[in-house]
Amino acid sequence: MSEINRSASKELYNTAKTYFPGGVNSPVRAFKSVGGTPLFIKKGNGPYLWDEDDNKYIDFCCSWGPLILGHNHPDIFNETVAALANGATFGAPTKKENELAAIILKNIPFIDKLRFVSSGTEAVMSAIRLARGASGKSKLVKFEGCYHGHVDSLMVKAGSGLITLGTSSSAGVPEALANETIVLPLNDLTILSDTLHAHFAEIAAVIIEPIPANNGLLLQDKTFLLSLRALCTKLGILLIFDEVISGFRVAFGGAAAFYGITPDIVTYGKIMGGGLPVGAYGASNELMANISPEGPVYQAGTLSGNPVAMAAGIAQLTNCLKPNFYELLASKTLKFVSVINNHARNKGYAFEIFSIGSIFWLSFSDNKRIAAADQINPDMQNFNMLHKSLLEHGIYIGPSGYEVGFVSEAHSEEVLNVASERFCASLDVIFSK
Ligand SMILES: *Cc1c(COP(=O)(O)O)cnc(C)c1O
């Protein structure tokens, strides 16, 4: 396989660098960890992407999760265009907000009310304000390795001890704010229980990605999640499931439905907007009564519940409710992953793909990882080589070894067969070096 032609992407990137910090509008797009020029994408259709040099790829990044039906799904296209024909935004209530809310609330019984926002970050930011406003407490507990958007209080990492107050992991986040956040290791019940028992009087909420998928795929023991739920209930702490990535992905009701565990507040994003910018947070009637204009917790948005985005979300989620939608997606993914894993095992490569539902993660180790501390991955060099080789074989995955990949409905068995062959060929290339 030869080096792919990136001349058009290179030229665009050079111009973009004069317009945007690092040439991008979100850091992970920059190919900083894998090296080389980020590909500028010209179009997508079904499971495929084309870059500005007209190279074609099977896409497993799927815009980092939203595209569970693949690119350019006809229902989403038609509904979005039809909505747009009536005007892009009004800043007044529209029927479509009710329609999308009804689809979600009818199928996710543990939330009574929602508020639509425009991104996952905004959903999380609003959910923690709700938790603090409703509880009158200010501290938050988060887990090392979970990402909750670029929310100030959650841009924190653990210090050196096991139970530590957060230290800010971004310039511009005051330490005073980081100090309101306690960072705990995932999947460690003893530390969790000790911390919550010691500090429950100050802790407004515990926030977790119930399926942590932003730092590798750190699947938690179900007993840990069940105990977390029980501890929060016992100690009067609100439990927030950040389901921006797992919501409508592993099941319509996300990880909460998948595991049968009910959070107090839930956040959604990515899939629910059908590729347009939408997020939401939801909870019981009682909790949501705290949100303005009903209650004292202020939260607003000029484009919240935007009718074009609502139309895309309605089309997307209606498709997700088709019979066996999630079963089919999971079985296709498992087959795809198994073919590659069998190849790696037969050849003795230190490589395994972990997956849940239609989410998968490439690990250069066969150790199952469940806590962020295990994530200090010595093998990013291998990932970077694999990423390069996959691009050369026409497979597009996110340009970071800590990111997961996604299979969409548009990835047919035929496409996945081609993709698994190319994956195996790429593994042969990098493990023969
Ligand atoms: C992507 C993500 C976010 C942030 O969502 P944006 O739409 O990028 O702001 C928050 N939480 C989780 C779990 C995510 O995966």
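Start by selecting Gly-348, which comes just after helix α11 and takes a positive phi of about 75°. Keep in mind as you go that this is a predicted model.

**Along α11**

Now step back from Gly-348 into the helix itself and select residues 325–347, which make up α11. With 23 residues at 1.5 Å a residue, α11 should span 33 Å, and its end C-alpha atoms are 34 Å apart, so the two values agree. Next, colour the buried residues of α11: among them are Tyr-326, Leu-329, Phe-336, Val-337, Ile-340 and Ala-344. Some residues with polar side chains belong to this buried group too, including Lys-332, Thr-333, Asn-341 and His-343. What do the buried residues of α11 pack against? Show α10, β14 (352–356), β15 (359–363) and α13 (413–431), and you have the elements they meet.

**Phe-325**

Zoom in on Phe-325, which is in α11. Is Phe-325 buried or exposed? Its relative accessibility is 5%, so Phe-325 counts as buried. To see its surroundings, select Ile-68, Leu-69, Asn-319, Cys-320 and Glu-409; leaving aside neighbours within four places in sequence, these are the residues in contact with Phe-325. If you would like to try the distance tool, pick the C-alpha atoms of Phe-325 and Thr-262: they are 63 residues apart along the chain and separated by 22 Å.

**Over to α3**

Select residues 95–107 next to bring up helix α3. This helix has 13 residues and reaches 19 Å from its first C-alpha to its last, close to the 18 Å expected. Highlight Glu-97, Leu-100, Ala-101, Ile-103 and Ile-104, which are buried. They cover an arc of only 155° around the axis, which puts them on the same side of α3. Turn the view around, and on the face away from that buried side you will find the exposed residues Lys-95, Asn-98 and Lys-106. What covers the buried residues of α3? The cover includes β4 (113–117) and α10 (307–320). You have already met α10 on this tour, as one of the elements packed against α11.

**The ligand**

Centre the view on the ligand and show the residues around it, including Tyr-147, His-148, Glu-209, Asp-242, Val-244, Ile-245 and Lys-270. Three polar contacts are worth drawing as dashed lines.

- Gly-120: a polar backbone atom is 2.9 Å from an oxygen atom of the ligand.
- Thr-121: an N or O atom in the side chain is 2.6 Å from an oxygen atom of the ligand.
- Asn-214: a polar side-chain atom lies 2.9 Å from an oxygen atom of the ligand.

Switch on a surface here: taken alone the ligand exposes 380 Å², and the protein buries 83% of that.

**Two last stops**

Select Thr-195 in helix α6 (residues 189–199). Thr-195 is buried, with a relative accessible area of 1%. Which backbone oxygen does the side chain of Thr-195 reach? Look for Ile-191, where the separation is 2.7 Å.

Finish at Leu-219, in the loop between β10 (203–208) and α7 (222–235). Although it is in a loop, Leu-219 is buried, with a relative accessible area of 17%. Beyond its neighbours within four places in sequence, Leu-219 is in contact with Ile-211, Ser-355, Ile-356, Arg-369 and Ile-370. For one more distance, pick the C-alpha atoms of Leu-219 and Gly-87: they are 132 residues apart along the chain and separated by 43 Å.

Definitions and conventions. Residues are numbered from 1 along each chain as its sequence is written. This is a predicted model: local features need pLDDT of at least 70, side-chain atom pairs count only at pLDDT 80 or more; totals for chains, interfaces and linings use all residues. Side-chain values use heavy atoms; hydrogens and water are left out. Helices (H or I, at least four residues) and strands (E, at least two) are DSSP runs, numbered from the N terminus. The expected span of a helix is 1.5 Å times one less than its number of residues. Buried means under 20% relative accessible area, exposed over 50%, partly exposed in between (1.4 Å probe, protein chains only). The arc is that of the directions from the helix axis to the C-beta atoms. Contact means heavy atoms within 4.5 Å. A residue is near a molecule or strand if one of its heavy atoms lies within 4 Å of it. A polar contact is a pair of N or O atoms within 3.5 Å; within protein, one must be able to donate a hydrogen and the other to accept it, and residues adjacent in sequence count only if both atoms are side-chain atoms. Accessible areas come from the Shrake-Rupley method with a 1.4 Å probe; for residues, only the protein chains shown count as cover.
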